[in-house]
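Visitor: I'd love a close look at one part of this structure, the place where the metal ions sit. Could you walk me through that site and then out into its surroundings?

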Amino acid sequence: MGITIKSSSEFDLMREAGRIVGLAKLEVANAIKPGVTTSALDQIAERVIRSEGAIPSFKGYGDPHNPFPASICASINDEIVHGIPGNRVLDDGDIISVDCGAIWNGLHADSAFTSGVGNISKEAAELIKVTSLSLEKGIEKAVIGNRIGDVCSAIQTYAEAQGYSLVRHYVGHGIGYSMHEDPQVPNWGMEPGLGPLLKEGMAIAIEPMLNIGNHRTKVLSDGWTVSTDDGELSAHFEHTVLITNEGPEVTTRC
Ligand code: MG
Ligand code: MG
């Protein structure tokens, strides 16, 4: 699929999808504490999304032989993305990345955050803070006339200056009637001024994943969960961003 340009009415539907994802993230964030299972968090997100009349976009996503079984991805500590919710109980000192998506009248929102569980190390708290700020650096560059390389470079420059490595194998993406559309929005390796031009009516999901150790990843035996290869911590923040005449508009804040 190529890059799609949305109408203002389609942007309105994307805003509503984003509002619902923001609400789901807020309720999940409020429930994160030691002793809670990741499946309990998943149930909260699914309840919020469905009670708002939307559809959880992650459930059933992917390979029909091994579809993603839940409404959120829950990735703990060295897990980066695509963790499957289940009976795992959150421990004091863990960090958890929650990724969540919803469809409203055919249009998507996709957003993620990382949170500490109880009391976390200074090292973990700093990772979370820098990952969140690196997303904001990317969003600032998501303006008409810039290119994807400007977004990528802002994220990479900031994150690497703070001493973190960026996951290279998984990237942000265009979003609209599909969760994953063109263009790809990498967090590493694209120079300013290069890549697809940002135009009014585009929508992109920007999603830096930062590692304390090296950038390498591996997929676990469940076929979904992606973790750091070296076992070090990773964090992930994501927003769905509309490219408008008034600048970047984030649909998925909570
Ligand atoms: Mg996501
Ligand atoms: Mg995404």
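Guide: Happy to; we will begin at the metal site and then move outward through the rest of the chain. Please keep in mind that this is a predicted model.

Let's take the magnesium ion (ligand 1) to begin with. Its protein donors are Asp99, which is listed with two OD entries, Asp110 (OD) and Glu238 (OE), and they lie 2.0 to 2.4 Å from the ion. Along the chain these donors follow the spacing D-x10-D-x127-E. The pair of Asp99 and Glu238 links distant parts of the chain: Asp99 is in strand β4 (residues 95-104), while Glu238 is in the loop between β13 and β14, 139 residues apart. Asp99 counts as buried because its relative accessibility is 8%, and Glu238 counts as buried because its value is 0%.

Now turn to the magnesium ion (ligand 2). Here the coordinating atoms come from Asp110 (OD), His173 (NE2), Glu207 (OE) and Glu238 (OE), at 2.1 to 2.2 Å. Written along the chain, the spacing of these donors is D-x62-H-x33-E-x30-E. His173 lies in strand β7 (residues 172-174) and Glu238 in the loop between β13 (234-236) and β14 (239-244), so this pair ties together parts that are 65 residues apart in sequence. Both His173 and Glu238 are buried.

What separates the two ions, and which residue bridges them? The magnesium ion (ligand 1) and the magnesium ion (ligand 2) lie 3.2 Å apart, with Asp110 as a bridge. Glu238 also appears in both donor lists, through OE in each case.

From the metals, let's go to strand β12 (residues 226-228), where you will find Thr228. Thr228 is buried because its relative accessible area is 0%. The side chain of Thr228 has two polar partners in the backbone: the nitrogen of Gly231 is 3.2 Å from one of its polar atoms, and the oxygen of Glu232 is reached at 2.8 Å. Setting aside neighbours within four places in sequence, the contacts of Thr228 include Asp78, Ile80, Asn211 and Arg216, as well as Lys218, Leu233 and Ser234.

Next comes the nonpolar packing. The largest nonpolar core has 53 residues, and those with the most contacts inside it are Ile32, Leu41, Ile96, Ile204 and Ile206. A second, separate core has seven residues, among them Met14, Ile175, Ala203 and Ala205. Back in the largest core, Ile96 makes a good landmark to click on. Beyond its neighbours within four places in sequence, Ile96 is in contact with residues including Ile32, Leu41, Ile76, Leu90, Phe113 and Val117. Thr38, Ala74, Ser75, Thr114 and Ser115 are also among the contacts of Ile96.

How many aromatic pairs does the structure hold? There is one. Phe68 and Trp224 make up this edge-to-face pair, with 5.2 Å from centre to centre and 85 degrees between the planes. Phe68 is in the loop between β1 (55-56) and β2 (72-76), and Trp224 is in the loop between β11 (217-219) and β12, so the pair links parts of the chain that are 156 residues apart. Phe68 is buried, at 2% relative accessibility, and Trp224 is buried too, at 15%.

The loop between β1 and β2 also holds Asn66. Unlike the buried ring of Phe68, Asn66 is partly exposed, with a relative accessible area of 31%. A polar atom of the Asn66 side chain lies 3.1 Å from the backbone oxygen of Asp222. The C-alpha atoms of Asn66 and Asp222 are 8.9 Å apart, although their positions lie 156 residues apart along the chain. Leaving aside neighbours within four places in sequence, Asn66 is in contact with Asp222, Gly223 and Trp224.

Trp224 leads us on to Val219, which is found in strand β11. Val219 is partly exposed, at 46% relative accessibility. Its contacts beyond four places in sequence are Tyr170, Trp224, Thr225 and Val226. By C-alpha positions, Val219 and Tyr177 are 27 Å apart in space and 42 residues apart in sequence.

Two charged side chains over rings complete the tour. Arg168 lies over the face of Trp188, 3.7 Å from the ring centre. The charged end of Lys137 sits over the ring of Tyr158, at 5.2 Å from its centre.

How values were computed:
Residues numbered from 1 in each chain as written. Chains lettered and ligands numbered in written order. Predicted model: local features only at pLDDT ≥ 70, side-chain atom pairs only at ≥ 80, totals over all residues. Heavy atoms only, no water. Donors = N, O, S within 2.8 Å, 3.2 Å for Na, K, Ca; no water. Helix = DSSP H or I, 4+ residues; strand = E, 2+ residues; numbered from the N terminus. Buried < 20%, exposed > 50% of the residue type's maximum accessible area, 1.4 Å probe, protein only. Polar contact = N/O pair within 3.5 Å; in protein donor to acceptor, adjacent residues only side chain to side chain. Contact = heavy atoms within 4.5 Å. Core = buried A, V, L, I, M, F, W, Y, C linked by side-chain atoms within 4.5 Å. Phe/Tyr/Trp six-rings, centres within 6.5 Å; stacked < 30°, edge-to-face > 60°. Lys NZ or Arg CZ within 6 Å of the ring centre and 35° of its normal.
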